[in-house]
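I've got a new structure open in my viewer and don't know my way around it yet. Could you walk me through it, telling me what to select next and what I'll find there?

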Amino acid sequence: MIRFESVEYVYPNGVKALDGIDLEIRDGEIVAIMGENGAGKTTLIKHLNGLLKPVKGRVLIDGVDTRNVTVASLSKKVGIVFQNPDDMFFSESVWEEVAFALRNFGYDEEVVRRRVENAINFMDLAGYADKSPFTLSGGEKKRLALAIVLAWSPDIIALDEPTIGQDMLQKEKLLQVIKLLNSQGKTVIISSHDVEFIADLKPRIVLMKRGRVVADGDAEEIFLNEELLRSCNLLPPQLITLSKRLDFIGIKPRLYPPRELAAEIMTRFRR
Amino acid sequence: MKIIKVKDLGFKYAGTDFYAIRGVNLEIDEGEFVVLAGKSGCGKTTLLRCLNGLIPHFYEGEFEGRVLIDGVDTRECPPHILSQKAGMVFQNPDNQLFALSVEADIAFPLENLGLPREEIRDRVEWALKLLGIEELRKRSPFELSAGQKQKVAIASVLAMKPKILLLDEPTSSLDPVSAKNLIDAIIDLNRRHGLTILISEHRLTHLIPHADKLAIMDGGRIIYFDDPRRILKEDVLMYGISIPRVVEVAREMRRIGGCIPFRDIPLSVEEFISGLKGALR
């Protein structure tokens with residue numbers, strides 16, 4: 001369980017990035033933090049493992065106040081995959097990079113080997129095991145960053161803008177990974193402004209603007225509210241916009257998957 | 001007139017053991033709006049670098065074939081001359097901006113060209129107006145939003161008065177409203193000012209209805225180069241392209257119904273609705 005209680009955060013340059021966040025995320029939830037560039041999404045994510053600590057209020061991870069523990073001890077529970085993976089690599093090979101955190105957590109070599117293999121196979125990186133992380137393409141680096149976190153299997157996994165610069169195939173893979181992690185009971189938190197990706201995932205959405213939570217609800221409810229989305233510099237997913245204009249054939253506005261919407265339209269044509 | 005001519009182009013970066021692109025042939029008419037798509041690593045960025053001369057002048061490697069930009073062979077023309085024919089905007093505007101004010105940033109390359117002061121002033125003015133960012137002129141580029149920065153980056157490229165604008169995933173880090181504003185500005189440059197546009201993107205929803213041509217790359221080659229309506233009739237999902245959702249729905253309707261009430265695949269919500277209404281009449 002994650003609890004933000006009236007959390008405020010001010011960067012050293014005086015910018016108030018979080019301005020009174022109250023938020024509760026239960027175990028096993030998928031939550032998308034959405035909002036425009038600069039809304040405070042990344043700052044919020046950095047509070048999950050204590051990288052940043054509240055200036056006011058507090059963040060509780062399973063009842064533990066992040067101000068009272070080290071990032072290292074929180075990291076076992078919370079894994080964060082950052083937007084720019086270059087910032088986190090330093091090993092000579094992909095294999096070593098994934099193994100590093102596991103060794104730090106004190107697992108013995110056999111467990112390390114098994115977990116590293118699983119993680120890099122799962123993220124389609126087996127062919128790169130001996131390569132330097134810095135020779136990978138942007139998309140491969142993102143997959144490596146995720147493999148590192150998967151290997152130590154924390155209960156809470158946060159992904160900061162995971163779809164930026166990713167093609168459709170990589171996004172589909174990511175969607176599968178998120179669903180799989182969730183089916184294992186993990187809590188997944190995603191910051192994103194990629195409305196089409198989030199529409200496929202249909203999670204709970206927490207909408208942020210200027211450091212505050214302005215809405216919190218299920219994906220359909222939030223995406224149907226175009227005025228609210230636009231006030232946060234977001235646009236509705238295309239099929240919401242389409243379904244809103246199909247009342248002339250009796251279709252109600254909803255967050256349809258493409259296949260379902262196609263079937264709905266065709267039944268009306270057959271009649 | 002073909003403003004871009006690419007013949008049997010191939011390039012292998014120094015230190016790598018494979019060709020990033022190979023056997024690429026491409027001809028683009030002056031004033032065309034071309035969208036370049038394909039999965040990560042398919043060669044889009046390498047192709048764009050070849051078109052503005054960064055390859056072979058800046059990146060080392062093995063170059064084969066020929067690229068003619070506005071009739072000039074890129075191998076024989078220095079990059080600073082080429083940049084007055086084909087300007088390039090990158091994914092991350094921070095890499096392109098450095099001056100203390102927006103105006104100074106746009107003026108900098110012009111000063112490098114040794115243009116007279118009045119000419120520089122006129123061009124800066126023209127470029128600011130073209131992108132609708134006159135009110136940002138005195139601001140520091142670094143305090144702007146990501147979308148505004150990208151517009152400044154485009155303005156500074158346009159001030160060189162190129163005929164061709166090359167854009168490499170310019171909206172990928174922008175939120176949806178900023179991305180759409182930027183794309184609207186780019187479409188406007190094409191429609192009203194006749195600029196030839198070649199833009200690589202993953203998110204095609206707002207771009208594709210305006211594209212004259214869609215080029216799909218895979219494994220360093222161009223697999224398709226045609227009117228997007230024709231290409232999207234086929235199944236191109238394996239090339240990692242996120243096609244507009246309305247296209248997915250229309251294709252699915254055709255699959256389950258045998259036929260669809262559309263003559264053309266609709267590329268936007270507008271086209272979808274008007275196609276459907278036409279069929280009901």
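Start by selecting A:Asn49 and A:Leu51: a polar atom of the A:Asn49 side chain lies 3.2 Å from the backbone nitrogen of A:Leu51. Keep in mind as you click around that this is a predicted model. Now trace the backbone on either side of A:Asn49, and you'll see that it belongs to the loop between α1 (41–46) and β4 (56–61) of chain A.

Is A:Asn49 buried or exposed? Its relative accessibility is 7%, and buried means under 20%, so A:Asn49 counts as buried. To see what it touches, leave out residues up to four places away in sequence and show A:Val71, A:Leu74, A:Ser75, A:Val78 and A:Ile80.

Staying in chain A, jump to A:Arg254 and A:Tyr256. The charged end of A:Arg254 sits over the A:Tyr256 ring, 4.6 Å from the ring's centre. For another arginine over a tyrosine, move to chain B and select B:Arg22, which lies over the face of B:Tyr19 at 3.8 Å from the ring centre.

Next, look for rings paired with rings. Over all chains, a search of the whole structure turns up 9 aromatic pairs. Pick B:Phe11 and B:Tyr13: their ring centres are 5.0 Å apart and their planes meet at 85°, so this pair is edge-to-face. Both B:Phe11 and B:Tyr13 are buried.

Now add B:Phe58 and B:Tyr59. Here the centres are 5.1 Å apart with the planes at 85°, so this pair is edge-to-face as well. What about their exposure? B:Phe58 counts as exposed, at 60% relative accessibility, while B:Tyr59 is partly exposed, with a relative accessible area of 24%. Keep B:Phe11, B:Tyr13, B:Phe58 and B:Tyr59 on screen together, since ring pairs link them into a cluster.

Finally, zoom out and colour chain B by secondary structure: there are 10 helices and 10 strands to find. The radius of gyration of chain B is 20 Å, close to the 19 Å that the globule rule gives for 281 residues, so chain B is as compact as a globular protein of that length. Turn its C-alpha trace along the principal axes and the spans are about 65 × 45 × 35 Å.

Switch on a surface for chain B and you're looking at about 11,900 Å² of exposed area, with carbon and sulfur atoms supplying 48% of it. Of the 281 residues in chain B, 54% are buried.

Note on methods: Residues are numbered from 1 along each chain as its sequence is written. Chains are lettered from A and ligands numbered from 1 in the order in which they are written. This is a predicted model: local features need pLDDT of at least 70, side-chain atom pairs count only at pLDDT 80 or more; totals for chains, interfaces and linings use all residues. Side-chain values use heavy atoms; hydrogens and water are left out. Rings of Phe, Tyr and Trp (its six-membered ring) pair if their centres lie within 6.5 Å; planes under 30 degrees apart count as stacked, over 60 as edge-to-face and the rest as tilted. Buried means under 20% relative accessible area, exposed over 50%, partly exposed in between (1.4 Å probe, protein chains only). A charge sits over a ring if NZ of Lys or CZ of Arg is within 6 Å of the ring centre and within 35 degrees of the ring normal. Helices (H or I, at least four residues) and strands (E, at least two) are DSSP runs, numbered from the N terminus. The radius of gyration is taken over C-alpha atoms; the globule rule is 2.2 Å times the number of residues to the power 0.38. Accessible areas come from the Shrake-Rupley method with a 1.4 Å probe; for residues, only the protein chains shown count as cover. A polar contact is a pair of N or O atoms within 3.5 Å; within protein, one must be able to donate a hydrogen and the other to accept it, and residues adjacent in sequence count only if both atoms are side-chain atoms. Contact means heavy atoms within 4.5 Å.
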